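Subject: Structure for you to look at

Dear colleague,

Here is the structure I said I would pass on, with my notes below it. Please read them with the model open.

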Amino acid sequence: MTTLSLDQLIDKDIMVVNSTARNKQEVLEELGRLLEAKGYLKDVDTFIEDVYLRESEGITGIGGGVAIPHGKSKGVKQTTVAIAKLAHPIEWETLDEEKVSVVFLFAVRDVDANTTHILLLQQVAILLADDSFIQSVQEAKSVDELYQLIVNHQANIQ
């Protein structure tokens, strides 16, 4: 079995820097439409419903201005992570009760629950546990910079 690396899972085409979304619904819809447009989703409505279902089960704002909403869904064609860095922080249910300015939206095929893809998603979670990484993401000025941060930082933890 071929081992995938994070740079094979992360796609610059599904990253947004300076998103103008004003709330959770807007950012989830923006990223959902982007995922659909780039061919990662079979059904954006099913996927978004599954994300909201997961949101209802517990807090996805992990603190430090970061949220990691996710949906395991039949609406997902290819497992990936879409990222939005917001122009202005938004309200979100978070562990530290602070607003969110970066959203990592995990789109997971329902059949990928125990595969390499999930292990890669866990690698993203490890990155998000690093305060200096989160700070760098908050300061990213472009999609290219954000992408390079993720790929380079991930290489450092392997």
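**Salt bridges**

Asp144 and Lys12 form a salt bridge, with 3.1 Å between the closest N and O atoms. This pair ties together distant parts of the chain, since Asp144 sits in helix H6 (residues 143–157) and Lys12 in strand E1, 132 residues apart. Both ends are partly exposed: Asp144 has a relative accessibility of 45%, and Lys12 has a relative accessible area of 36%. Please keep in mind throughout that this is a predicted model.

A search of the whole structure gives six salt bridges. Two others worth describing involve Lys24.

Glu55 forms a salt bridge with Lys24, and the closest N and O atoms are 2.5 Å apart. Here too the pair links distant parts of the chain, with Glu55 in helix H3 and Lys24 in helix H2, 31 residues apart. Both Glu55 and Lys24 are buried.

The side chain of Lys24 also meets that of Glu93 in a salt bridge, at 2.5 Å from N to O. Glu93 belongs to the loop between E5 and E6, Lys24 to helix H2, and 69 residues separate them along the chain. Glu93 counts as partly exposed because its relative accessibility is 43%. Lys24, with a relative accessible area of 13%, falls under the 20% limit and is therefore buried. Through shared partners, salt bridges join Lys24, Glu55 and Glu93 into one network. As a general point, side chains of opposite charge can pair when their charged atoms come close.

**Helix H2**

H2 runs over residues 24–37, which is 14 residues. At 1.5 Å a residue the helix should span 20 Å, and its end C-alpha atoms are 20 Å apart, so the expected and modelled spans agree.

Which residues of H2 are buried? They are Lys24, Val27, Leu28, Leu31, Gly32, Leu34 and Leu35. These residues cover an arc of only 160° around the axis, so they lie on the same side of H2. Their cover includes strand E1 (10–19), helix H3 (44–57), strand E5 (80–90) and strand E6 (100–109).

At the N-terminal end, H2 is capped by Asn23, which has a side-chain oxygen 3.2 Å from the backbone nitrogen of Gln25. After H2 comes Gly39, which has a positive phi, near 85°.

**Strand E1**

E1 contributes to the cover of the buried residues of H2 and carries Lys12, the partner of Asp144. The strand is itself mostly covered, with seven of its ten residues buried. E1 pairs with E5 in the parallel sense, over five bridges. Within E5, Ile83 stands opposite Met15.

**The loop between E5 and E6**

Lys99 is in this loop, as is Glu93. Lys99 is partly exposed, with a relative accessible area of 44%. Which residues does Lys99 contact, leaving aside its neighbours within four places in sequence? They are Gly65, Pro89, Ile90 and Glu91. In the case of Pro89, which is ten residues from Lys99 along the chain, the two C-alpha atoms are separated by 5.5 Å.

**Where to look**

A convenient place to begin is Lys24, as a buried residue of H2 and a member of the network with Glu55 and Glu93. From there, one can turn to the elements that cover the buried residues of H2, among them E1 and E5, which pair in the parallel sense.

Regards

How values were computed. Residues numbered from 1 in each chain as written. Predicted model: local features only at pLDDT ≥ 70, side-chain atom pairs only at ≥ 80, totals over all residues. Heavy atoms only, no water. Helix = DSSP H or I, 4+ residues; strand = E, 2+ residues; numbered from the N terminus. Expected span 1.5 Å × (residues − 1). Buried < 20%, exposed > 50% of the residue type's maximum accessible area, 1.4 Å probe, protein only. Arc of directions from axis to C-beta. Contact = heavy atoms within 4.5 Å. Polar contact = N/O pair within 3.5 Å; in protein donor to acceptor, adjacent residues only side chain to side chain. Salt bridge = Lys/Arg side-chain N within 4 Å of Asp/Glu carboxyl O. Pairing = 2+ DSSP bridges.
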